[in-house]
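Let's take a walk through this one together, starting with a pair of strands and working outwards. Keep the viewer open as you read.

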Amino acid sequence: MKQHPGMVGRLATLRLLAQRFAFLALVLASFAMMLLGKADTIVVERLRVLIDDGLSPVLQVLSRPASAVHSVVDAVHDLASLRAENVRLAEENARLMHWQTVARELDNENKALRSQLNYAPDPDSAFITARVFGDTGEAFGRSMLISAGTREGVRKGQAVIAGENLVGRIVEVGDRTARILLLTDPSSNIPVVIEGTRAKAILAGDNSDRPRLNLLLSANSNAAVGSRVVTSGHGGAFPPGMPVGVIASIQDGVARVEPFVHRYQLEYVTVVDYGLPGVLPSDQSDSGK
Amino acid sequence: MKHGVTQRVDHLVRQLVPASLVLILVIMQAIPWHLPALAGVVPALPMIGIYYWSVYRPDLLVPSVAFATGLVNDVVLGGPIGISSLAFLVIQGMTASQTRFFNGKSFLVIWSGFALLAAAALLVELVLDGLVFSRTPLVSALVIQYLLTVCLYPVVSWLFSRLQLFWLRDE
């Protein structure tokens, strides 16, 4: 019985040692995870997709109240500006009616010309509409989770739009969920042209709300504040002519683009399958499987 | 046979309370709040949970919990995995080594402790993100994230103390 206190003490030290060891092992495991993730292995991607898919029901349920509050706030806002909005819409409607007539004429003319030229049309596109249920605003990257995955036909590299405007592209696909890489993420580089000038550029995200416009040629003179920026279709990820944003500022030779879509507005987005091969290298490995 | 199955299940569930609450915080920060002011920055809520339970229930918030919740956090945020795990382990480890210091201290002291450790954890994330993945954040966004996180500590901590009284009192 005399040994008892000593035993307890030794057990306590042993337990402490084991805890220290576990802590160190986990720190090392964190580093191992980082390296594994950096090597871009399939294991890591599987793990991501597994956790995302598993959490998506919870996230979907919890995001409902948030969007309900959002719509109430919106409704109050709308009520306040109802009259002014009505006038504006009436004007816009008149203008659009005119454009509709023009568009019809052009469409007919286009059809006629195409039939004369034996033009090969762009492939038909398929649309998948999904709800945004995860908006991970952190200081390091910009992405969102949507409630559609392989089951609905979402594939890596597909373009994501809201209305007509580009939001980003799909980077990760699970069974029922997918992750969108937004235009503002640092790893997002999208080939664009400045509308009307044909000046080509790359729209590169850098975590700020307004991504940079890197002109490919020294065609700075072409870029003016207020010019519209649309996708160029180069690289094959996106079809040409998709609206992206307008040039908001040019400072020290750096043009910045204000996207047409703001992330906090997004509730539903459309994933578009244009039947074009994506630029992501992983697309080939996916289709090769 | 007083220690029936129900009692054991009850015990197990209570053991899982801190980890589950941290997971709820992970999910909370990923919900789209549709707030223009928040666009881009969301407070690092899970850090609050890790710190709170490391201070008040170090026996339940063990390193493995910090590691696992960090992993889930990285996946949900879409960032490189392993970084949050390490940041959470930093908070857990530093708190666990100072249990005697934290014992019976006033709320203000504990809050300041969190302010320090949250800065340390965000710094770890900043350095690793930069070194390993060459991802650089906007400094302003990071500062706002830090301030929001520290400011929200009292709220979350108050909620947790209620829950602690409710669930973990008779242990």
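**From a hairpin to the chain contact**

Start with Ser249(A), which stands opposite Arg256(A) in E11(A). Bear in mind as you look around that this is a predicted model. The strand on the other side of that pair is E10(A), residues 243-251, and six bridges join E10(A) to E11(A) in an antiparallel run. The two strands make a hairpin with two residues between them. Have a look at Asp252(A) in the turn: its phi is positive, at about 50 degrees.

Now stay on E11(A), residues 254-259, and move over to E8(A), residues 212-215. This pairing is antiparallel too, and it spans two bridges. Here Leu213(A) is the residue that stands opposite Ala255(A) of E11(A).

Which residues of E11(A) are on its covered face, and which on the uncovered one? Ala255(A), Val257(A) and Pro259(A) make up the covered face, while Val254(A), Arg256(A) and Glu258(A) make up the uncovered one. So much for the single strand.

Zoom out a bit, and E11(A) turns out to be part of a closed barrel of six strands in chain A. The order is E6-E7-E8-E11-E10-E9, with antiparallel pairing. On average, neighbouring strands in this sheet are turned by 45 degrees against each other, direction ignored.

Next, the place where the two chains meet. Chain A puts 41 residues into the contact and chain B puts in 40. On the chain A side, the elements giving two or more residues are helix H1 (4-38), helix H2 (42-80) and strand E1 (126-137). H2(A) gives the most, with 12 residues. By type, the chain A side divides into 20 nonpolar, 13 polar and eight charged residues.

H2(A) is worth following across to chain B. Its axis and that of helix H4 of chain B, residues 63-77, come within 9 Å and cross at roughly 85 degrees, which makes H2(A) roughly perpendicular to H4(B). At this crossing, Arg48(A), Ile51(A), Asp52(A) and Leu55(A) from H2(A) meet Val72(B), Val75(B) and Val76(B) from H4(B). The residues of this helix contact are five nonpolar, no polar and two charged.

Last stop: the largest nonpolar core, with 93 residues. The members that touch the most others are Ile146(A), Leu203(A), Ile50(B), Tyr51(B) and Ile91(B). Pick out Tyr51(B): leaving aside residues up to four places away in sequence, Tyr51(B) touches Ile91(B), Thr95(B), Phe114(B) and Leu117(B).

Methods: Residues are numbered from 1 along each chain as its sequence is written. Chains are lettered from A and ligands numbered from 1 in the order in which they are written. This is a predicted model: local features need pLDDT of at least 70, side-chain atom pairs count only at pLDDT 80 or more; totals for chains, interfaces and linings use all residues. A nonpolar core is a set of buried Ala, Val, Leu, Ile, Met, Phe, Trp, Tyr and Cys residues joined through C-beta atoms within 7 Å. A residue is buried if 20 or more other C-beta atoms lie within 10 Å of its own, exposed if 12 or fewer, and partly exposed in between; C-beta atoms are placed from the backbone. Two residues are in contact if their C-beta atoms, placed from the backbone, lie within 7 Å. Helices (H or I, at least four residues) and strands (E, at least two) are DSSP runs, numbered from the N terminus. Ala, Val, Leu, Ile, Met, Phe, Trp, Tyr, Cys and Pro count as nonpolar, Asp, Glu, Lys and Arg as charged, and the others, Gly among them, as polar. Axes are lines fitted to C-alpha atoms, for helices over the stretch in contact, and angles run from 0 to 180 degrees between N-to-C directions. Angles under 35 degrees count as roughly parallel, over 145 as roughly antiparallel, 65 to 115 as roughly perpendicular and the rest as oblique. Two strands pair if DSSP finds at least two bridges between them.
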